[in-house]
Amino acid sequence: MTNISIPLSAKLLEAVEKRVHDGYEESKSSLVRKAIEKYLEDKFVEEILLARREVKEGKTLKGDLKELLKRI
């Protein structure tokens, strides 16, 4: 596992430390890992929803991929 160093504002650090102190997380690093995982999951869901919306709006490419590539 690789370590990274991230500067946090006093407000964020206090919030992280409070979550750990109150027993919601086992450690600061565990909380940060979970936050990053949640962020990535949210971004993935956003991309899926955007793709579904684009399909619904007809913003899709149709036809032979080789021909479409030639046009681009």
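Helices are DSSP runs of H or I with at least four residues, and strands are E runs of at least two. By that count, the chain has 3 helices and 0 strands. The model is a predicted one. Along the sequence, the pattern reads α-α-α. The radius of gyration is 21 Å, well over the 11 Å that the globule rule gives for 72 residues, so the chain is more spread out than a compact globule. Along the principal axes, the C-alpha atoms fill a box of roughly 60 × 25 × 20 Å.

The surface was examined next. About 7,100 Å² of the chain is exposed. Carbon and sulfur atoms supply 58% of that area. Buried residues account for 7% of the 72 residues.

Two of the helices were compared with their expected spans. Helix H1 covers residues 10–21. The 12 residues of H1 should span 16 Å at 1.5 Å a residue, and the end C-alpha atoms are 16 Å apart, so the two values agree. Gly23 follows H1 and has a positive phi, near 90 degrees. Helix H2 covers residues 28–56. H2 contains 29 residues and reaches 42 Å from its first C-alpha to its last. That is close to the 42 Å expected at 1.5 Å a residue. Gly58 follows H2, again with a positive phi, here near 80 degrees.

The loop between H1 and H2 holds Glu25. Glu25 has a relative accessible area of 16%. Buried means under 20%, so Glu25 counts as buried. The Glu25 side chain makes a polar contact with the side chain of Lys34, at 3.0 Å.

A nonpolar patch of about 830 Å² lies on the surface. The patch is made by Ile4, Ile6, Leu8, Leu12, Leu13, Val32, Ile36, Tyr39 and Leu40. H1 and H2 each supply at least two of the patch residues. H2 gives the largest share, 4 residues. An α-helix has 3.6 residues a turn, so residues three or four places apart point the same way. Among the patch residues are Val32, Ile36 and Leu40. Leu12 is a patch member and sits in helix H1. The relative accessible area of Leu12 is 48%. Exposed means over 50% and buried under 20%, so Leu12 is classed as partly exposed. Patch residues must have over 30% relative accessible area, and the 48% of Leu12 fits that cut-off.

Notes:
Residues numbered from 1 in each chain as written. Predicted model: local features only at pLDDT ≥ 70, side-chain atom pairs only at ≥ 80, totals over all residues. Heavy atoms only, no water. Patch = residues over 30% accessible without salt bridge, like charges linked within 9 Å, V, L, I, M, F, W, Y side chains within 5 Å. Areas by Shrake-Rupley, 256 points an atom, 1.4 Å probe, with all protein chains shown as cover. Salt bridge = Lys/Arg side-chain N within 4 Å of Asp/Glu carboxyl O. Buried < 20%, exposed > 50% of the residue type's maximum accessible area, 1.4 Å probe, protein only. Expected span 1.5 Å × (residues − 1). Rg over C-alpha atoms; globule rule 2.2 N^0.38 Å. Polar contact = N/O pair within 3.5 Å; in protein donor to acceptor, adjacent residues only side chain to side chain.
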